[in-house]
Each structure stands twice: as structure tokens, then as C-alpha cells.
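Here's a walk through a protein model, meant to be read with the structure open beside you. Take your time and rotate the view as you go.

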Amino acid sequence: GIAMIFAANDYMALGAVQAAKALSRSVVIYGSDGDPNAGLEPIAAGGLKATLDTSPFAMGRVALQVAVDCLTGAIPGGEFTETPGAVVDQTGVNAILCKPDLLYPKPTKAYAC
């Protein structure tokens, strides 16, 4: 049987969690995006194993800086710019969820750091 699923995003991972529960299967499921409601909170609750947190807040900062750098000539454009990302599981999820001002959408409840 299937032992592990890596989904293309956190919403797909939640669908896989629901399917596994409906079939009474024990499957380790990973998502991608770090969506507060579909990825991070389900990790905190124990339904999802981990997600690749791409941090849209930080990604927006990097994208804006690259746009400014292209406009001012600091970089000519057409280059690859890496944005931050980290694998988040239950050991580190509260450290992210406890800072709702850096998340969108906001978590559904308050989390302690």
C-alpha cells in the first residue's frame, strides 16, 4: 500500500488526509506552501506531517526588492532569485503560528511561542 504522500500544495495534502481517514489508512502526508489554515494549523493538530513553508510574506519582500533592483539597474533582470523556504513539522510550527502579523490568512486561533 501507499505509505507516504507528498502533495503539490497544502490543500491537496488536506484532501489526502481526508481520503486516508475515510479509508482507515495510516499514511504520512506532506504538503507544500505553508498555508496557515491548510498547512500549518493541521500540522499543529497532528493531521499533517509537515509542509514546505514558502513564506508568502517574505517572498513578497524579495519580489519587491528584485523589482526595484531591476528598475534602478542594480540587476539587469532575467536572473534567478531564490526566496526563503523551510520544512516545518510539529517541532517548529508554533514558532510560525504565534506570529500572525506575518501570516496570511491569519490562523484561526492564537498560538503560544
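Start with Asp69, which you'll find in helix α3, spanning residues 56-72. Keep in mind that this is a predicted model. Asp69 is an acidic residue that is buried yet has no salt bridge. Look for a partner and you'll see that the nearest side chain of opposite charge belongs to Arg61, 14 Å away. A salt bridge here calls for a side-chain nitrogen within 4 Å of a carboxyl oxygen, so Arg61, at 14 Å, doesn't qualify. What does Asp69 touch, not counting residues up to four places away in sequence? The contacts are Ala74 and Ile75. While you're in that part of the chain, have a look at Cys70: its relative accessible area is 34%, so this cysteine is partly exposed.

Now turn to the sheet. It's an open one, with four strands in the order β1-β2-β3-β4 and mixed pairing. On the outside are β1 (4-6) and β4 (86-88), edge strands that each pair on one side only. Going from one strand to the next, the twist averages 15°. As a reminder, strands of a sheet pair through backbone hydrogen bonds, and they can do so parallel or antiparallel. Strand β2 (residues 28-33) and strand β3 (residues 50-53) run parallel, with four bridges joining them. Helix α1 (residues 10-22) lies across β1, β2 and β3, and its direction makes an angle of about 160° with β2.

Zoom in on Ser32, which lies in strand β2. Is Ser32 buried or exposed? It has a relative accessible area of 11%, so Ser32 is buried. Across from Ser32, in β3, stands Leu52. Leaving aside neighbours within four places in sequence, Ser32 is in contact with Thr51 and Leu52, and also with Phe6, Ala7, Ala8, Asn9 and Asp10. That last one deserves a closer look: Asp10 and Ser32 are 22 residues apart along the chain, yet 5.3 Å separates their C-alpha atoms.

Next door to Ser32 is a backbone oddity. Asp33 also lies in strand β2, and its phi is near 130°, a positive value in a residue other than glycine. Why does that catch the eye? Most residues other than glycine have a negative phi. Asp33 has 31% relative accessibility, so it counts as partly exposed. Ser55 is another residue with positive phi, near 45°. You'll find Ser55 in the loop between β3 and α3, and with 23% relative accessibility it counts as partly exposed as well.

On to helix α2, residues 36-45. How enclosed is it? Seven of its ten residues are buried, so α2 is largely enclosed by the rest of the structure. The buried ones are Pro36, Ala38, Gly39, Leu40, Glu41, Pro42 and Ile43. If you want to see what covers them, look at α1, β3, β4 and α4, which are among the elements doing the covering.

Finally, follow the chain past α4. Where is the disulfide? It joins Cys98 to Cys113, with 1.7 Å from S to S, and the count for the model comes to one disulfide. The link between Cys98 and Cys113 is right-handed, with 90° about the S-S bond. Both cysteines lie in the segment after α4 (93-97), so the pair ties together parts that are 15 residues apart in sequence. The two ends sit in contrasting surroundings: Cys98, at 14% relative accessibility, counts as buried, whereas Cys113, at 75%, counts as exposed.

One last stop is Pro105, also placed in the segment after α4. A cis peptide bond joins Tyr104 and Pro105, with omega at about -5°. That's worth a second glance because most peptide bonds are trans.

How values were computed:
Residues numbered from 1 in each chain as written. Predicted model: local features only at pLDDT ≥ 70, side-chain atom pairs only at ≥ 80, totals over all residues. Heavy atoms only, no water. Helix = DSSP H or I, 4+ residues; strand = E, 2+ residues; numbered from the N terminus. Buried < 20%, exposed > 50% of the residue type's maximum accessible area, 1.4 Å probe, protein only. Lys, Arg positive; Asp, Glu negative; His and termini not counted. Contact = heavy atoms within 4.5 Å. Pairing = 2+ DSSP bridges. Axes fitted to C-alpha atoms, helices over the stretch in contact; angles between N-to-C directions. Disulfide = S-S within 2.5 Å.
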